[in-house]
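Welcome, and thanks for having the viewer open. Let's walk through a few selections together, one stop at a time.

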Amino acid sequence: MIEYVSTRDPEQTPYNYNFVLMQGLAPDGGLYVPTSYPEISHDKLADLVERPYVDVFAAVNSLFVGDSMPLDKQRNLAEQAYATAKFPDAPGGNITPLRWLTDDIAIQQLSLGPTAAFKDMALQVLGQHFQHILGETGESLTMLGATSGDTGSSAEAAMKGLGHISLTMLSPEEGMSDFQKAQMAGFSGDNILNISVKGRFDDCQDMVKALKKEPEFAQLGAVNSINWGRVAAQVAYYVHGYTQAVEGDIGRLVDFVVPTGNFGNVLAGYIAKQMGVPIRRLIVATNENSVVDELIQTGVYSKPPKAHITSSPSMDITVASNYERIVADIFPNDPYAVTDYMRTFESKGIVYFREFGVPTDILYRMGFESGMSTHQNRLAAIRYAYDRSNTIIDPHTADAVTVALQEQMYNAAEHIPLVCMSTALPVKFEHTIREALGLVPERPARFAGLEERAAAKAGSFALIAAGDLKSLASLLRENTAH
Ligand SMILES: *Cc1c(COP(=O)(O)O)cnc(C)c1O
């Protein structure tokens, strides 16, 4: 039965899925990882060809949940998370469909959910799992998070109105798109509280960290991408993407190209590969914030002084939080080495594999490749997709398509499908689409008039100063779950 340990725990104490889901970050500062990866056979993959997403999800996710929830309950929660009503624009009910741009390059659409970003794929089911566990234990969960864009609305859409749960999100007063702000404003009320901080994303994150150090708030839950439940949930759409890309020819190899920030999405692809899904390469695509691209190419993990603000803002990061889970595979069964490597990075802002006796190309050997794109590259990729196949892609997907086109130049003879993960709908980033194409993408009906509706909803964001923990604490006491 599947068990999890913290990457930094010298005792390697095992826990079950429910426990690590509720914990988020381990108390020792490490991340929870399975003690071994479950396997998925080719026969099982063949079974999942052309099945609806919830069937694929139920089969794959049960390998990670194990016996910590009854199987029929898991199925039931998945049905609620991925109900077709939440994905009204899914073609033929397929909520993660492929669309081919060329003979070899496809995009896999992951952003047809309630908030038009791929984070819905994991957070929808996380909300259901949280609520189920709390119902069993009779406990309640008060959550606090910081967001610079998609996590906020996606987490709020998933937690809105759920009993035993309250969610407070901090976001910077400036920096998010009007669309993103309006989305969050729409969720304010009931168990959801939005707080706007007069500062930047880093200020929001610092306030979350500072407040959690106070004993009264030590038990606050987390929705950010280091939660194992989010990573585990994402593995299912790699399986679904794989079976579609090979059209049932199980065993044929596929490459995935993944626009990457915190390394959450691509980590799920790596896990699918470890489980036996025939994935050849996991190709990481970054924007000008190329920390992970450099890490894969050079073996040096180096934190820049600050993030560039780019036209693919959900990837504007200086550290890749989930990377520690890969580090745990680089140093198998050696939590001391993992801790040492991560602490070196945390204290010096830079760490080299060679100091740890690890070859500099270890990530390549593990199946990773990478590339990066600039704003001009993204504009060109948006035009390319539009001209080639009449598809409007968002700027994050454009990062992936840029890198896929670079890869294809080297691999032209191989005809291995390159599946680019499409992580947001273009409607979220109208400004960049207009710059690339001179037009704005059509709005799905459910988002029509979003900004106007939000503007009419007065007081949907509380406003506090950066660093004002006193105001934050009193607002949180008012939005505590019962
Ligand atoms: C969060 C996000 C990403 C980055 O995903 P990670 O899991 O952090 O690597 C990419 N694109 C969009 C649109 C996002 O919202």
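Start by selecting Phe263: a polar backbone atom of Phe263 is 3.2 Å from an oxygen atom of the ligand, a polar contact being a pair of N or O atoms within 3.5 Å. Add Gly264, where a polar backbone atom is also 3.2 Å from a ligand oxygen. Then add Asn262, whose polar backbone atom sits 2.7 Å from an oxygen atom of the ligand.

Before moving on, please note that this is a predicted model, in which local features need pLDDT of at least 70 and side-chain atom pairs count only at pLDDT 80 or more, while totals for chains, interfaces and linings use all residues. Residues are numbered from 1 along each chain as its sequence is written, and side-chain values use heavy atoms, with hydrogens and water left out.

Now show what surrounds the ligand: 15 residues do, and the closest include Lys119, Asp150 and Thr423 (near means a heavy atom within 4 Å).

Next, select residues 264-275, helix H10; helices here are DSSP runs of H or I with at least four residues, numbered from the N terminus. The axes of H9 and H10 come within 8 Å and cross at roughly 60°, with axes fitted to C-alpha atoms over the stretch in contact and angles running from 0 to 180 degrees between N-to-C directions. Which residues make this contact? Among them are Trp228, Val231 and Tyr238 of H9, and Gly264, Leu267 and Ile271 of H10 (contact means heavy atoms within 4.5 Å). By class, there are 11 nonpolar, 4 polar and no charged residues in the contact of H9 with H10.

Keep H9 (residues 228-245) and add H5 (residues 119-137): these helices pack at about 120°, with axes 8 Å apart. That makes H5 oblique to H9, the class left for angles outside under 35 (roughly parallel), over 145 (roughly antiparallel) and 65 to 115 degrees (roughly perpendicular). On the H5 side, Lys119, Met121 and Leu126 are among the residues that meet H9, whose partners include Arg230, Ala233 and Tyr237.

For the last stop, select H15 (residues 375-389) and H17 (residues 430-437), which pack at about 75° with axes 9 Å apart. That makes H15 roughly perpendicular to H17. Show His375, Ile382 and Tyr386 of H15 with Ile433, Glu435 and Leu437 of H17, which are among the contact residues.

Conventions: Helix = DSSP H or I, 4+ residues; strand = E, 2+ residues; numbered from the N terminus. Polar contact = N/O pair within 3.5 Å; in protein donor to acceptor, adjacent residues only side chain to side chain. Nonpolar A, V, L, I, M, F, W, Y, C, P; charged D, E, K, R; others polar.
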